[in-house]
Amino acid sequence: MQWKKLFAALSIITTAACTRTEYIRTDNWSYIGLEEGELVFRLGPPDQIYELGKERYLTYIKAGSGYNNMGNYAPSFCKLTFVLYKDKVDNWHYEGNLCDQYVESINLQ
């Protein structure tokens, strides 16, 4: 009888763990695992595409300008690169001073 209870408890924990993993993947990492076609559909055509070995890199560049916190007019940009492996987003990274706004606007988080 104790084995049945233990098995039931493990089944519930396993199901809960799988549900939580899926929640994290769809909300906080919604671009990881996305196919290239869907990525381009969501963000439009990339500004740069290049391949290195088995990986493919899609880069989006956003540029603008405005006043910084010191009152100076300054250029701003964000270079957002998605790394694809086997036609799916495997990783991403960004650089630039406009990235916080851009990443938030596309719900990349």
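**Group meeting: one disulfide, four strands**

With 105° about the S-S bond, the disulfide between cysteine 78 and cysteine 99 is right-handed. Its two sulfurs are 2.2 Å apart, and a disulfide here is a pair of cysteine sulfur atoms within 2.5 Å. By that rule the count is 1 disulfide. Cysteine 78 sits in strand 3 (residues 73–85) and cysteine 99 in helix 3 (residues 99–105), so the link ties together parts 21 residues apart in sequence.

Before going on, the ground rules. This is a predicted model, in which local features need pLDDT of at least 70 and side-chain atom pairs count only at pLDDT 80 or more, while totals for chains, interfaces and linings use all residues. Residues are numbered from 1 along each chain as its sequence is written, and side-chain values use heavy atoms, with hydrogens and water left out.

Are the two cysteines buried or exposed? Cysteine 78 has 0% relative accessibility and counts as buried; cysteine 99, at 1%, also counts as buried. Buried means under 20% relative accessible area, exposed means over 50%, and partly exposed is in between, with a 1.4 Å probe and protein chains only.

Now the overall layout. The protein has 3 helices and 4 strands, in the order α-α-β-β-β-β-α along the sequence. Helices (H or I, at least four residues) and strands (E, at least two) are DSSP runs, numbered from the N terminus. Of the 109 residues, 26% are buried. The exposed surface comes to about 8100 Å², with 56% of it supplied by carbon and sulfur atoms; areas come from the Shrake-Rupley method with a 1.4 Å probe, and for residues only the protein chains shown count as cover. Among contacts with a separation of 6 or more, 35% are between residues 24 or more positions apart, where contact means heavy atoms within 4.5 Å.

Next, the strands. Strand 2 and strand 3 pair in the antiparallel sense over 13 bridges; two strands pair if DSSP finds at least two bridges between them. In that pairing tyrosine 57 stands opposite valine 83 of strand 3. Strand 3 is also joined to strand 4, by 7 bridges and again antiparallel. There, lysine 79 has glutamate 95 of strand 4 as its bridge partner.

Threonine 59 is a useful residue to look at in strand 2 (residues 55–67). It is buried, at 0% relative accessibility. Leaving out residues up to four places away in sequence, threonine 59 touches Pro46, Asp47, Gln48, Tyr50, Lys79, Leu80 and Thr81. Lys79 in that list is the residue bridged to glutamate 95.

Last, the turn between strand 3 and strand 4. Which residue in this hairpin, with 2 residues between the strands, takes a positive phi near 55°? That is lysine 86, in the loop between strand 3 and strand 4 (88–95). Aspartate 87 lies in the loop between these strands as well, and its phi is near 65°, also positive in a residue other than glycine. For background, most residues other than glycine have a negative phi. Both loop residues count as exposed: lysine 86 at 65% relative accessibility and aspartate 87 at 54%.

To recap, strand 3 pairs with strand 2 over 13 bridges and with strand 4 over 7, and through cysteine 78 it is tied to helix 3. The hairpin of strand 3 and strand 4 carries the positive phi of lysine 86.
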